[in-house]
Amino acid sequence: VQSFPLSLASLQRTTLTFPQTLVIPNNNETLRVWVNAVNGAGDANASNDTLSQLICLPLAAGAYQLGTPTADFPTWQHLIDRISCSGISGNVLIQVASGTYQGPFRFGNILGSGTGGSLNFSPTTGILGDVILLGTPVEEALSFNGTNGVSVNNLRFVRRVTNTATVPLLLSNGGSNIVFSNLAFVDSVRATSANNQALAVEGGSGVSVTGCSFIGFSDALRFNASSANPGLGHTAQGNRFEQYLLHGIWASQQNSLQLLQNRMVDFRGATNTGAGILVQNIRASVVNGNRIGGDLPRSGIDIINANLGLLGEANVVSNNEISGRTHIGSGNTGVSRGVLITGSTTDGRDALQFVHNSISFVPRGTSTANGQALLVVDGGTTTTQPFEQLTIANNMLVEPALGSQSPTNFSILSFTNRATVDSTLFL
């Protein structure tokens, strides 16, 4: 508190100078100026004696500590309050102290991030698992809403309570240029509801998910958007999904999506459900080099409504490997198929190149339904052709040895409805 005894005539003004420079801490500060006495006596109306101004300067480039009483930011909320007001002015690294943190922690648009600056999170120790974030039944552990230029690295997210709303542990909503790398997601609840998500990307552009591990979850990784504002240029590469309960990766309404070199093992959901990878309503997207094995869901890969790109590009599904056996741990009445391609005329006819894939697994189940095969092509009607382009070439489809637990009408290829086109090529 600085005091300035002075005499000031009515309707006049003066300039006051602090004898020492004001130091603004990392958390925001409010500057207050007030009058104690007017003409040597108390003011009869003290309600208008104080002026207040919130001061929050952009957080300068550099490394900051979070999570201890003596840290630059003792709590996540201190950091959120500061940068929500001030933004950042360079590349900022937030080093999070070891410990378990109960969310939700919500970040919005951050001034300066993505335009010459970035906000980056990692453990102080640099060790995966030293920092754990928890969600609630109705809220995320950590979310970025309209946030640009963020990276989150080496943090662990754990679901310990059953969620009652469709909320992931980590959310990017409408952001761009975001990197999630080397994160671990652990589902201790194992609820089969679609509410049980690990990481969700809603809309936005240029979100990259790389080198992460997912254990459990109904939909472990979701890319979702609307037809009016599809997701653009998202990538999931080199991630591992274990014991998933519905989908390893689920994606809808995406342009230029890339799913590369991901690994799905040991589906643990209900019979006749799920897929290692499900993509629908996509354009100019690539699904390449993924491996889906161990116990398998109903489909290794589902491809639905793979639209022609805006520049005429086909979607490409290539160099993927499906192996193992159909999961019948919760009953043996399910449908068994390696890859399902479903054509649709929604948003125009489809365009797909399905090349250099390997499908070799043991089908199990007692269902007598049609459409059980290593590769199933479906869609259209008896009068409507769903494909503008469909190329199926140079794939390795290994005829399985059917046993007593295998469906009786399983085949290598299955075509139904009008799922053919003159440009279809089989090699």
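Two residues are in contact when heavy atoms of theirs lie within 4.5 Å. That cut-off serves for the whole of this predicted model.

Start with His-234. Leaving aside neighbours within four places in sequence, His-234 is in contact with residues that include Val-201, Gly-203, Gly-204, Ser-205, Gly-206 and Val-207. Phe-223 is also on the list. So are Gln-254, Ser-256, Leu-257 and Gln-258. His-234 sits in a loop, between β19 (231-232) and β20 (235-237). Is this loop residue buried or exposed? His-234 has a relative accessible area of 0%. Buried means under 20%, so His-234 is buried.

The side chain of His-234 has polar partners in the backbone. One of its polar atoms lies 2.9 Å from the backbone oxygen of Gly-203. A polar atom of the same side chain lies 3.0 Å from the backbone nitrogen of Val-207.

Now step back to the chain. It has 427 residues, and 49% of them are buried. Strands number 39, beside one helix. Take the contacts with a separation of 6 or more: 79% of them join residues 24 or more positions apart.

Turn to the surface. The chain exposes about 18700 Å². Carbon and sulfur atoms supply 50% of that area. Ile-412, Leu-413 and Phe-415 make a nonpolar surface patch of about 210 Å². Ile-412 belongs to strand β38, which covers residues 411-415. Its relative accessibility is 33%. That value falls between the 20% and 50% limits, so Ile-412 counts as partly exposed.

Note on methods:
Residues numbered from 1 in each chain as written. Predicted model: local features only at pLDDT ≥ 70, side-chain atom pairs only at ≥ 80, totals over all residues. Heavy atoms only, no water. Patch = residues over 30% accessible without salt bridge, like charges linked within 9 Å, V, L, I, M, F, W, Y side chains within 5 Å. Areas by Shrake-Rupley, 256 points an atom, 1.4 Å probe, with all protein chains shown as cover. Salt bridge = Lys/Arg side-chain N within 4 Å of Asp/Glu carboxyl O. Helix = DSSP H or I, 4+ residues; strand = E, 2+ residues; numbered from the N terminus. Buried < 20%, exposed > 50% of the residue type's maximum accessible area, 1.4 Å probe, protein only. Polar contact = N/O pair within 3.5 Å; in protein donor to acceptor, adjacent residues only side chain to side chain.
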